[in-house]
Amino acid sequence: MEKTLLGQAACSKRNLLMFLVPSLVGILLFMTPVSYNGDLTIMIAVLAKGLQAMLDGHLTLIVTLLISSSALMTLFTKVVKPDWVISHPFLNSLFNIRPIWLVSRLLGALFVVLAYSQTGSELVFSEVTGGLVLNDLLPVLFAVFIFAGLLLPLLLDFGLLEFVGTLLTGLMRPIFRLPGRSAVDCMASWLGDGSVGILLTSKQYEGQHYTQREAAVIGTTFSAVSITFSLVVLAQVKLEHMFLPYYLAICIAGIVAAIVVPRLPPLSRKKDLFINGQARSQDDEAIPAGQSTLKHGFNLALNRAGKVEGLGQVAKTGVHNALDMLFGVLPVVMAFGTLALIIAENTPLFSWLGMPFVPLLELLQIPEAAAASETIVVGFADMFIPAILATSIESEMTRFVIAALSVTQLIYMSEVGALLLGSKIPVNIFELFVIFLLRTLVTLPVIALIAHLVF
């Protein structure tokens, strides 16, 4: 009896340490704001920047080789079907993919080779299309994916999400119709990078913690742009002195969109089923009788931490995370990001799509409505293009509205949109465009109201 009690005490102590130590390290790395070179960011982003600096001059070649290897390996797997790939669960899931993703990887490989070698059509390798994606975006994503992928188990596997989720379910469920753990995705995106939030959401969906609807909503709603990038956008329109009202407008408009847009199609039509087709149990988030929310969350966290067999298992999960993003997502970002920028830079499509917004902008009394309308839909290609176009607009109020709107639209194909398409999160490109338009229609009046109060 005494030995049994001692064993239980040792197990309880182990679980407590397994919960506290990795979770605290995870909070420090992913959710604790730090100042770096005058910017507010998180440690994961600092580590990523350090890796970029260390590999400076070599990253574009590394990324080109990774994307090309991914395409060739996927094509080889689909044609030859080697047993050493098909029989290996991870390799099979990585390279034995649907035809549409094979095409996207092949297209991404074609674009990245042309952009790196600067051969073929300038439409592809130009510094505002494929060159922009290869030189400016992919090196950043490569470094973020390495550290976020390897270290994400600190947030996922040791009970932190169970603990936080239980505490915040009472807030997140009634307001956003989401599990409490989704607040962690939002915080990681807000302080660090939207790509971290998407990676976190995708892994939670694959782990059957989010349903199809929840994953789609979180991925398109809470993968917010970081404070640092928001400031970069504001600096581009020369309104840095207005950061406080600008970021207040972003936060208020973002909250309104998070409440409204998920209650509209296509997000409202997503099934509340897990990736395996099962529904969430009705008492899944219920607090047992006689237990406080805090105690129940703590018990769930300890139980989750107790399932970790060893650090080798955690390291293996981290490596799989990183490889999944590097080989699976980078080619999609190159393919869809380049295509979107080619359309934005070389066709009037986005200007035409922006014309119906002129009456709305005039109704909201936004100066230079016609010029502003040209910036609205082009944000679907890349978030920074509206800010670039807005520099020629004289009205400070209009530039303020465009800068805030481009951030709250959230879904842009040169990064977030392509990341969502490359992940397991159940959304397609048409749905992303509809969600982009809905976010625009919902957030624009909110931002315009705040702009009228400020100016």
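Reader: How much space lies in the largest cavity, and what makes a set of points a cavity?
Author: About 30 Å³ lies in the largest cavity. A cavity is a set of points, on a 1 Å grid over the protein atoms alone, where a 1.4 Å probe fits but cannot get out. Grid points are joined across faces, edges and corners, and the volume is the space filled by probe spheres set on them. This is a predicted model, in which local features need pLDDT of at least 70 and side-chain atom pairs count only at pLDDT 80 or more, while totals for chains, interfaces and linings use all residues. Residues are numbered from 1 along each chain as its sequence is written, and side-chain values use heavy atoms, with hydrogens and water left out.

Reader: Which residues line the largest cavity?
Author: With lining residues defined as having an atom within 4 Å of a point, they are Leu-361, Ala-372, Thr-375, Ile-376, Val-401, Ile-402, Leu-405 and Leu-444. Helix 21 (369–376) and helix 23 (396–408) are the elements giving two or more residues to this lining; helices here are DSSP runs (H or I, at least four residues), numbered from the N terminus.

Reader: Why is Thr-398 called buried or exposed?
Author: Buried means under 20% relative accessible area, exposed over 50%, and partly exposed in between (1.4 Å probe, protein chains only). Thr-398 has 0% relative accessibility, so this residue counts as buried. Thr-398 sits in helix 23 and, residues up to four places away in sequence aside, touches Ile-366, Pro-367, Ala-372 and Ile-393, contact being heavy atoms within 4.5 Å.

Reader: And what makes Asp-185 buried or exposed?
Author: Its relative accessibility is 1%, so Asp-185 is buried as well. Asp-185 belongs to helix 11 (residues 182–191). Beyond its neighbours within four places in sequence, Asp-185 contacts Gly-197, Leu-200, Thr-201, Tyr-210, Ile-218 and Phe-222.

Reader: Which class does Ala-448 fall into, buried or exposed?
Author: Ala-448 counts as buried, because its relative accessibility is 1%. This residue of helix 25 (residues 429–454) has Leu-364, Ile-366 and Val-401 as contacts, again leaving aside neighbours within four places.

Reader: How do you know whether the ends of helix 8 are as far apart as they should be?
Author: The expected span is 1.5 Å times one less than the number of residues. For the 22 residues of helix 8 (residues 130–151) that gives 32 Å, and the end C-alpha atoms lie 30 Å apart, so the two agree.

Reader: Where does helix 8 have a kink?
Author: At Leu-137, shortly before the proline Pro-139, and the kink is about 40°. That bend is the angle between axes fitted to the seven residues ending at a residue and the seven starting there.

How values were computed:
1 Å grid on protein atoms, 1.4 Å probe; cavity = no way out; pocket = protein on both sides within 12 Å on 5 of 7 lines; lining within 4 Å.
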